[in-house]
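Please examine the sequence and the structure shown below. The paragraphs that follow lead through them one topic at a time.

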Protein chains: 2
Amino acid sequence: MGTRMPAKRTTVRDLRRHNRSLLLSKLYFDGPLSRHELSGLTGLSAATVSNVTAELGEERLITEAGLVESDGGRPRVLLRVDPAYGHVAGVDIGETGVKVELFDLTMNRLATVEHPLASPRPNAGSAVTQVASGIREVIAESGIDEATVLGVGVGVPGTVEQGEALRVHAPTIGWEEVPLTDLLRAEGVSLPLFIDNGAKTQGQGEMWFGAGRGARHAVIVLIGSGVGAAVVTDGTTYRGSTSSAGEWGHTTIVYGGQECRCGSRGCLESYVGAEGVLARYRKARGGKPAAGEDEQTQFAALLEAAGKSKAAAKVLEETAGYLGAGIGNLVNLFNPERIVLGGWAGLALGEEHLPAIRRSAGEHALKHVFDQTAIELGQLGPDAVAIGAATLPVAALLEQGADPRTAGSKRGTAA
Amino acid sequence: MGTRMPAKRTTVRDLRRHNRSLLLSKLYFDGPLSRHELSGLTGLSAATVSNVTAELGEERLITEAGLVESDGGRPRVLLRVDPAYGHVAGVDIGETGVKVELFDLTMNRLATVEHPLASPRPNAGSAVTQVASGIREVIAESGIDEATVLGVGVGVPGTVEQGEALRVHAPTIGWEEVPLTDLLRAEGVSLPLFIDNGAKTQGQGEMWFGAGRGARHAVIVLIGSGVGAAVVTDGTTYRGSTSSAGEWGHTTIVYGGQECRCGSRGCLESYVGAEGVLARYRKARGGKPAAGEDEQTQFAALLEAAGKSKAAAKVLEETAGYLGAGIGNLVNLFNPERIVLGGWAGLALGEEHLPAIRRSAGEHALKHVFDQTAIELGQLGPDAVAIGAATLPVAALLEQGADPRTAGSKRGTAA
DNA sequence: CCGCCTTATTTCACCAGTTAATATATGGCG
DNA sequence: CGCCATATATTAACTGGTGAAATAAGGCGG
């Protein structure tokens, strides 16, 4: 009953690719499996499974992983994706620092590097320099050959316009039309690049390995200094027509409300982003500016104070209310199975206040829809952005059922 | 760069079905075409086109539609979907009445019937009776054989939980878990049924034949007494996990704002739905209840009064502001190419106030995203819901590339 | 230790669908 | 009237998937 205007394109050996992708993905996510199980799980015939897995094995994408005896018959050979097939790097460019992590193909972390940035409005050039050196460092640190790196995923704190000429827009930190790919290339990074919005990479991380596992429809929310979201619809991150979708933070929640750093009024971000919450807290205490400390410390102090200070408790209560309303809107609009609350501020806030947030969401969403939605905390912690970024090259591999570097780059936005 | 968790299922002759669907859809939407053009447009080889079109012709789904000579060669034979292959009915169950329309396969209107309902909160039983007799009437009136009717699409003013046991929820008019399919069956309707939310059917109508044509990502907004929306992502109406997605009307736009008939506060619907707007107008004029007139008349009077009455102008100005903010949220979240404003109140309001609505949307959306979004009025008028409903059986036909009644019902939710 | 039994995997003959190349149809033109 | 250009149909080669049958690999009873 879908709408489907015309339809997509043609197909012949797309079929083979699709089945390769199907089998490879199953093996990737559902651990070692025998051919027999694969056949059952995918619906493909045993013959096809044998055929395709043989091919995948020849290309070293998968390996055997031991036997399992079955009551008195030939034991099944377990197959799995070979972690050593290649490596991937994930980069989290945040408003306060750059983190680079290196993983093997099955996402075992091999090395991590973190570089701070001049905090308030990091300039794109310096971020790029840090990223480039970070990549070199993690490769050196883990002692792998750069040639085994399938690609580098990058999560950035702004919207990413994909396409031939990739551009990053993050007006709140002063990034306008930043040609991030080109800048990284200029810094000597020659690996395939996969750049996406940080909230979206966090979302993919949680979907693959965290609180989103198993859901087909979910929204993963990122609350840090700013606010973002990744909307996963039917297993795929929703991007909209110019991949700017999911800009939840600058959604109006209080018409005519307080000014937001984006220039509009009443944006959700200005009420539930850490910056906005702390501003409200300061105001409630009579405007004393908290000196010197960074946002995360201040935020922790606010949470800490809730037990003793009425002002702090009130600010947090209000925040839970606003956040719940924002989540309620997501529930109404997207009807997800699950909403995952992430980001450093979101996780900190949720630890204590998740029930209040849930309650508020319930009050602001249609009951019938809300009752079918679970609201949970992220499981990957603040590393989710980098992990999710690193999954981007892996996703390309799984989608093509083959190494994205060699397979004629079809749809992957590797650059 | 999609997220894709595992993937979907297998494929063999799905391929053929896909290509049948592809060709049939192209012919349906892009008028008569020669095999040659089809080949070019779909990327399929001439051989395949010949092969598949021969099959479709044998099944009478398509016919030849004249020749076109080409500079000195064999003239091309134009093919098109045969309008006489079958008929479809579209039903619009509104809060104030039931409309039933009958079309041929290419959506030429053959008959229309309209029955009023006891206005305030129509009871499901009486609506169903009207629908059943309406269907009988349009079939009789147009003199066609019921056996040629491929199906009946129904747009309802509430959320529709698809599935084996279809349920309609419309708490604002007192419908709870209404088993609409069963009720219609009990009234003697034995045709295949396709039931969906009215905003979604309107959306599909506008996408196919109205202001949405050609867009892959669009949101079609319905503003009548209540407020709804259809979100089209990549050509498909987005449904979420329990097909309740797109409930834009009960999205919070004024945190802690006025009470809404849904029980929450600050819902968009209570600010821009006709009922809410008229309530504000009444209040502005000191609470005089407008006697006896129906909502549409009152709303027209309000628009009329704008020239002379300051109160009226102010109410409309505010409405445009709220609506723009709501649209801005859609822009930020969905990043569509186009937003289409529909519904009787939306169309009436937009005629004069579209610029104001656009302005407000621009103030509330991220500039960069907003600049890539067109905001337009619907082109199908208030018939859009019924037209869109009637497209549901057609969509099933195009999706399967075959008559949904005979083709083993795979995914279509025909019941 | 041998042959039987069970279950997993591979092999093989066959089918469906696509494509490129080739053949045929159709009308204009010299 | 035969040639040319163009559109459509037909055909042979190839790819990929499937079910049935064959083969592999242990366990087990004797």
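Chain B and chain A each contribute 72 residues to the contact between them, where two residues are in contact if their C-beta atoms, placed from the backbone, lie within 7 Å. The model is predicted, so that local features need pLDDT of at least 70 and side-chain atom pairs count only at pLDDT 80 or more, whereas totals for chains, interfaces and linings use all residues. Residues are numbered from 1 along each chain as its sequence is written, while chains are lettered from A and ligands numbered from 1 in the order in which they are written.

On the side of chain B that touches chain A, the elements giving two or more residues include H1, helix H6 (198–209), strand E13 (227–233), H10 and helix H11 (344–364) of chain B. Helices (H or I, at least four residues) and strands (E, at least two) are DSSP runs, numbered from the N terminus. This side of chain B comprises 29 nonpolar, 35 polar and eight charged residues; Ala, Val, Leu, Ile, Met, Phe, Trp, Tyr, Cys and Pro count as nonpolar, Asp, Glu, Lys and Arg as charged, and the others, Gly among them, as polar.

Chain B is superposed on chain A by a rotation of 180 degrees with 0.1 Å of shift along its axis, at an RMSD of 0.1 Å. The two copies are therefore related as by a two-fold rotation axis. Both copies use the same surface, since 100% of the contact residues of chain B recur in chain A. The superposition is by least squares on the C-alpha atoms of residues with pLDDT of at least 70 in both copies.

The surface near DNA strand C has 29 residues, of which Ser50(A), Gly73(A), Arg74(A), Arg16(B) and Ser45(B) come nearest; a residue is near a strand if its C-beta atom, placed from the backbone, lies within 6 Å of it. Elements giving two or more residues to this surface include helix H3 (46–58) of chain A and helix H1 (14–29) of chain B. Nine of its residues are nonpolar, twelve polar and eight charged.

Confidence is expressed as pLDDT, from 0 to 100 for each residue. Chain A averages 90, and 93% of its residues score at least 70. Residues 1–7 of chain A stay under 50, with 31 contacts beyond four places in sequence. Residues 408–415 of chain A are also below 50.

Note on methods: pLDDT = per-residue confidence, 0-100.
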